[in-house]
Structure formats: C-alpha cells, structure tokens
Amino acid sequence: MLLQNTIKLILEEVVKNTLNLPITKDELVIQRTKAEFEGDYTLVLFGLVKKYKLKPDEIGEQIGTTACQQHASIFKSFNLLKGFLNFSLQDQCLLDFLENTYPNADFGKAFPHTKRVMVEYSSPNTNKPLHLGHLRNIFLGWSIAELLKERGYDVTKSCVVNDRGIHICKSMIAWQLFANGATPASTGQKGDHFVGDYYVKFNDAHKAQVEEGLAAGLSKEQAEREAPIMKATQQLLQDWEAGKKEVLELWNRMNQWVYTGFEETYTKIGADFDKTYYESQTYLLGKQFVEQGLANGTFYKKDDGSIWIDLTEEGLDEKLVLRKDGTSVYITQDLGLAEQKFQEYKYEQSIYVIADEQNYHMKVLQLILQKLNKPYATGIYHLSYGMVELPSGKMKSREGTVVDADDLIAEMIQVASAKTEELGKVKDFSSEELDKLYQTLALGALKFYLLRVDPKKKMIFNPQESIDFQGFTGPFIQYTYARIQSILRKETPAASLPMQKHLEKEERDLLISLEQFPAVLDQAVTEHNPSVVALYVFTIAKLFNTFYTQHSIMNAGTAEIRQLRLRLAMLTATVIKKSMSLLGIEVPGRM
RNA sequence: GGUCCGGUAGCUCAGUUGAAUAGAGCAACUGCCUUCUAAGCAGUAGGUCAUUGGUUUGAAUCCAAUCCGGAUCACCA
C-alpha cells in the first residue's frame with residue numbers, strides 16, 4: 001500500500017484512540033512536509049482543532065507520541081510547529097519499499113479489471129493534412145488511453161473520420177478543374193497535403209468568383225451561394241448522396257490518398273486506433289432516435305416538418321435534431337454513433353477528446369441521451385481541451401498561420417540533430433542510430449511540450465520554446481534517463497548483496513517521491529489529465545539530478561552504499577521510462 | 001444579451017476538496033566540468049495571485065460585484 005495511505009490509516013486510528021473522537025479519514029489532512037521544515041509527511045491539525053475545540057499543541061504532542069510509540073517501524077520522530085505535526089519516517093520502511101520495488105519493471109501497473117472504456121480521438125476531416133491542433137488532440141487521447149490501460153481498464157481507441165460532406169466535395173471539384181489528372185504519385189507529394197492543396201485552390205477560386213459576383217451587384221450571401229464553383233460543389237454532394245458511380249470513385253480515390261498520408265504521420269508519431277468509424281457509414285444512424293424521441297414526447301415537430309428538442313429547462317436552447325427535408329444534422333449522427341459504439345463495446349465510459357469549442361454540443365448530446373433514457377448516457381465524458389494558439393494569436397487557415405504537423409516534426413528533428421552534433425556525445429552512432437535518436441528527441445520535446453499543460457486550458461505554442469531542450473522539457477528527462485543507463489551499463493544491482501541501511505537526504509527525497517508513482521497515475525486517470533504525469537516525471541528527474549551531482553554511485557564509499565544507489569538509480573529509470581511511455585515518449589540509452 | 005471557461009514573476013505554466021514565508025522552467029546575473037553524460041548542478045534577482053468587498057483562526061483557492069480576454073448559443077461540422 002502507498003505510504004501516504006498507510007500513514008493516513010494509522011493516524012486515523014491513533015487520533016480515534018488517543019483523543020477518543022469519531023474521526024473519519026476524510027477529516028485528516030496529510031501532505032508532504034514542505035522542504036524548509038524537518039519531516040517527510042505532515043498532519044495538519046487545524047481541522048481537528050476547529051471542529052472539536054482542542055489545543056493544537058496538546059493534541060499534536062499526544063498524536064505524535066502515540067504514533068511514534070505504537071508504529072515505530074514507520075515513524076522515527078515528529079516535531080510540532082504552529083498546528084503542523086511533522087513526521088519523519090524510518091529509513092527502513094523506505095528501504096523496504098526500494099528493495100521490493102526496484103526489480104519490478106511493471107511498477108505502477110494495476111491489476112486488470114473489466115471496466116471498459118472507449119477513447120475517441122484525432123477525428124480528422126479528409127480535406128486537409130493534420131496540424132498542431134490535431135497533435136494536441138492525438139497526444140492527449142493516446143496518453144489518456146494508455147494511462148487507463150495501465151490502471152487496469154479495458155480500453156478501445158477509436159477514431160471517427162469525417163470523410164463526407166461539402167468540404168470533401170470542395171477538394172474534389174478543385175481537383176477536377178485544376179489537376180489535369182495529377183496524383184500524389186505523379187507529383188511526389190504526400191497524399192493528405194496533395195488533397196489539402198486542392199481544398200485551398202477551391203477557396204481561392206471561390207473567392208475570385210465571389211468578387212466577380214459582388215462586382216455584378218449581387219449581395220455577399222448571393223455571390224457566395226451563386227458562384228459557379230460552389231454550385232458545382234453542391235451538385236457533386238447531391239450526386240454523391242445519390243450514389244453516382246464516377247463521383248464515388250473519385251471520392252474514394254482522393255480519400256485513399258489522404259489516408260495514406262495520415263497513416264504515415266500516425267506511424268511517425270506513434271498514434272494507433274483499434275477501431276475506425278467513417279462518417280460516410282454512420283451519418284444515417286440516429287434517425288431511429290427521432291422516432292423514439294417523438295414517441296416518448298422528448299422531441300416535437302414544427303409546422304414545417306423539422307424536429308426539435310426543447311432544452312430551455314436545462315438552461316440551454318431549443319435544438320434541431322432533424323431538418324425539414326428529413327436529413328440529419330451533426331447531433332443526430334452523434335446520437336447514432338454513441339448507440340452503435342455502446343452496442344459494439346458495452347462501454348462504461350466513453351471519452352470524447354474534442355476541443356472546448358464543442359462544450360455546448362457535447363452537453364446537448366449527453367442531455368438528449370439522458371432524456372431518451374439511454375443507460376450509457378452517464379458514461380459519456382467530454383475530455384475538453386483548449387485550443388492551441390500562437391504567440392501572434394489564433395491559427396487561421398485563411399491567413400496561412402496554421403502550423404502543419406509534418407512540417408513541425410521535420411523542423412524539430414532538424415533542431416535535435418543540430419544540438420546533438422553540437423554536443424558531440426554520440427559520434428560513434430551509425431546513421432540509423434542517429435536518425436532514431438533525433439526522432440526520439442524531437443518527438444519527446446514536442447509531445448512533452450503539448451502534454452505538460454493542463455488539457456482544459458488553452459495553450460500558447462511558442463516555436464522557440466517548444467524546441468528548447470533544457471528545463472521543463474522532454475529532452476531534459478530523456479537526458480536524465482540516459483545518464484542512469486550509462487551507469488547501469490557498467491554495473492547493475494545485485495540482489496544477493498546487502499545495501500546500506502541509512503539514507504542521505506537527497507536519497508530519501510527521491511525515494512519518497514518515487515513511492516508516489518502509482519498514486520500519481522491514479523490521479524492522472526481520475527482527472528483525465530496527463531500533465532499530472534509530465535509534472536511528476538520532471539520532479540523525479542530533477543530530484544535524481546540533484547542526488548547525482550552530490551553523491552557518486554560507482555565511487556560510493558562502500559559496496560553497501562553502491563548497492564543502495566544502484567537500486568535507487570534503477571528504480572528511478574523505471575519510473576522515468578514508464579511515465580514517459582505513458583506520455584507516448586521514448587527514452588534513449590544514450591544521447 | 002444568455003451560458004460556460006479563463007486572468008498567478010518579463011514570457012510559458014504549477015498550485016484552486018481553504019493551511020507554514022505563493023512554486024517551477026525560460027529569459028537575466030553569479031559560481032561549478034583532471035571524478036558515473038555540464039542537454040546538468042548550486043545560487044541571486046524577479047509577485048498589489050485582474051480589482052473591490054465579504055466569510056474564516058487562516059483565502060491565489062470559497063461567496064458577491066466589477067474590469068479584461070476567450071468559447072458558444074446555425075436547418076455548419
């Protein structure tokens with residue numbers, strides 16, 4: 001059991017008995033002792049003092065004395081300071097933890113259970129390549145899925161591809177008009193970028209035609225709608241829905257180009273999915289809900305035939321669920337897809353990694369499912385994350401400020417390579433090993449940079465800062481790991497050899513933090529927040545580096561001390577490696 | 001206008017079930033490589049926690065009002 005929990009249970013017992021009070025453990029505030037005071041864990045007495053009108057000095061003395069007497073194997077000593085009861089732990093209980101844990105490469109892994117969770121993330125459109133915003137989504141979704149797995153959940157990663165609709169038709173029209181039969185193969189371009197370029201060409205052509213229309217005296221709205229290229233696009237959409245063969249063929253062909261491109265990027269960044277849904281196959285789902293909703297009075301029909309739900313009592317608005325022409329809208333499709341996912345996977349929780357601009361939409365989705373008495377409604381969880389902005393403001397495709405994912409990664413690899421060469425520590429690496437290292441460092445920097453911030457908050461992507469390799473960064477932590485490996489290559493701990501029974505300050509600080517690893521993972525899972533892990537692994541790396549510069553491992557004073565430190569180093573490496581891998585980041589043996 | 005989210009050091013962020021002198025990283029400045037990787041370590045400097053009022057033994061954290069920024073409220077997705 002975790003030390004902090006053990007301590008809490010013990011102190012609960014001690015407080016109950018010594019003070020003869022009906023304490024529950026929720027009333028006890030236990031925290032790490034602040035660095036400037038002596039001790040490891042602190043019981044904050046103010047709550048007790050207030051509730052039971054006691055004197056902090058008296059009860060502190062009683063609790064401290066009793067705890068140390070009755071649980072001498074855990075508590076070494078205590079001190080009392082203005083309502084804070086600070087306990088120092090016995091070295092031995094920390095050493096026991098180290099001894100039991102260092103050989104376990106699975107430290108942190110919980111027993112599997114049967115709770116099933118779906119995590120939907122990425123969910124791109126097929127009309128343009130992935131950009132920085134997608135990367136935050138993908139890294140987040142992937143990491144939260146892995147964290148859930150680590151803590152024993154049965155996880156299915158899913159992706160919904162928005163592969164149909166007017167936006168796809170725009171790229172198709174532009175290709176028909178301007179491509180002269182060009183393909184990604186004939187131009188040597190990555191498929192998603194290739195198609196994205198035609199989407200841009202559509203917009204350029206459309207814009208020009210709108211200006212002509214305006215010049216001819218049309219209103220802006222008219223000009224936009226009546227532009228020939230737009231009308232052709234509308235026609236294409238109708239033909240698509242009618243199942244016209246040539247249209248479907250072109251649609252398929254262009255989407256395949258995009259998928260090939262996406263696949264390449266996904267492989268590079270290590271994203272994977274167990275199940276992919278295509279909107280073209282699911283957009284008709286959900287109409288069944290309309291019947292159900294009308295039947296039980298949740299929905300109502302307006303005179304023009306459109307169907308709505310009234311959510312004003314819940315503080316929201318009226319929401320359309322079926323157009324007057326009988327076609328479904330986005331929310332209707334989502335209702336259908338939620339049902340299909342549930343039928344297929346019987347999930348207890350279904351996590352949607354979607355930007356916070358859709359908070360309202362997701363609220364409505366859950367509310368409608370509740371009103372339709374769907375058992376899985378409560379399991380819907382919107383992992384809402386803030387948009388990624390640039391120091392200059394929001395990314396705008398119209399202004400060409402969108403940061404392309406592939407370009408960004410290539411740039412990071414460049415920087416990683418330049419820095420590595422500059423330091424010249426791996427001159428003996430083969431070019432394959434170098435490429436691998438550059439990629440590990442580049443993606444480590446990028447992923448850590450995007451994951452270290454609380455997902456809920458919007459974040460500023462500063463290109464200069466993101467390629468930083470010092471301080472609170474992925475490479476700093478990777479470097480710490482490589483340092484440890486360099487020692488472990490020389491010597492690994494030997495279980496048969498005894499280790500030192502006393503801990504230096506830097507050793508205990510590190511050990512106490514290492515012990516919290518499983519609790520940190522639980523926190524990350526409950527909060528759906530990988531940044532908790534990023535923050536944690538950074539403090540571990542810092543604690544290790546502080547220890548490392550003050551105490552030699554290989555040249556420790558005695559063989560016992562060396563054994564202790566080798567074990568400590570090994571456990572630190574395990575925790576770093578696991579933390580990073582849960583963030584999707586690899587760690588190099590050398591760098 | 002309604003609803004929701006945010007405002008902490010020059011910059012980027014932790015800390016928000018109330019608790020000790022509000023913490024990191026970057027940038028600035030000062031030291032430390034004949035000793036396990038200096039992509040490191042140690043230190044200095046930097047704060048009216050948006051503002052005002054309230055609750056409390058105790059408030060960045062809770063409440064109210066105000067100011068500023070953002071999202072959303074489509075027969076778009």
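**Close-up 1. The largest nonpolar core of the predicted model.** This core has 152 residues. L11, I63, F75 and V119 are the members with the most contacts inside it. Helix α17, spanning residues 431–451, gives the most to the core, contributing twelve residues. Domain 1 (3–89) and domain 2 (414–582) each supply at least three residues to this core.

**Close-up 2. The surroundings of V119.** Leaving aside residues up to four places away in sequence, V119 touches G141, I144, A145 and L148. Its contacts also include V155, T156, K157 and S158. I351 and V353 are likewise in contact with V119.

**Close-up 3. A second nonpolar core.** This core is separate from the one that contains V119. It consists of 32 residues, among them M118, V290, I307 and Y347.

**Close-up 4. The buried and exposed faces of helix α13.** Helix α13 runs through residues 287–295, and its buried residues are F289, V290 and G293. These residues lie on the same side of α13 because they cover an arc of only 105 degrees around the axis. V290 also belongs to the second core. On the face turned away from the buried side, α13 carries the exposed residues E291 and A295.

**Close-up 5. The cover over α13 and the residue that follows the helix.** The elements covering the buried residues of α13 include the strands β8 (299–301), β9 (307–310) and β10 (318–322). Helices α14 (330–345) and α15 (359–371) are also part of this cover. After α13 comes G297, which has a positive phi, near 80 degrees.

Definitions and conventions: Residues are numbered from 1 along each chain as its sequence is written. Chains are lettered from A and ligands numbered from 1 in the order in which they are written. This is a predicted model: local features need pLDDT of at least 70, side-chain atom pairs count only at pLDDT 80 or more; totals for chains, interfaces and linings use all residues. Side-chain values use heavy atoms; hydrogens and water are left out. A nonpolar core is a set of buried Ala, Val, Leu, Ile, Met, Phe, Trp, Tyr and Cys residues joined through side-chain atoms within 4.5 Å. Buried means under 20% relative accessible area, exposed over 50%, partly exposed in between (1.4 Å probe, protein chains only). Helices (H or I, at least four residues) and strands (E, at least two) are DSSP runs, numbered from the N terminus. Domain bounds come from an automatic or database domain assignment. Contact means heavy atoms within 4.5 Å. The arc is that of the directions from the helix axis to the C-beta atoms.
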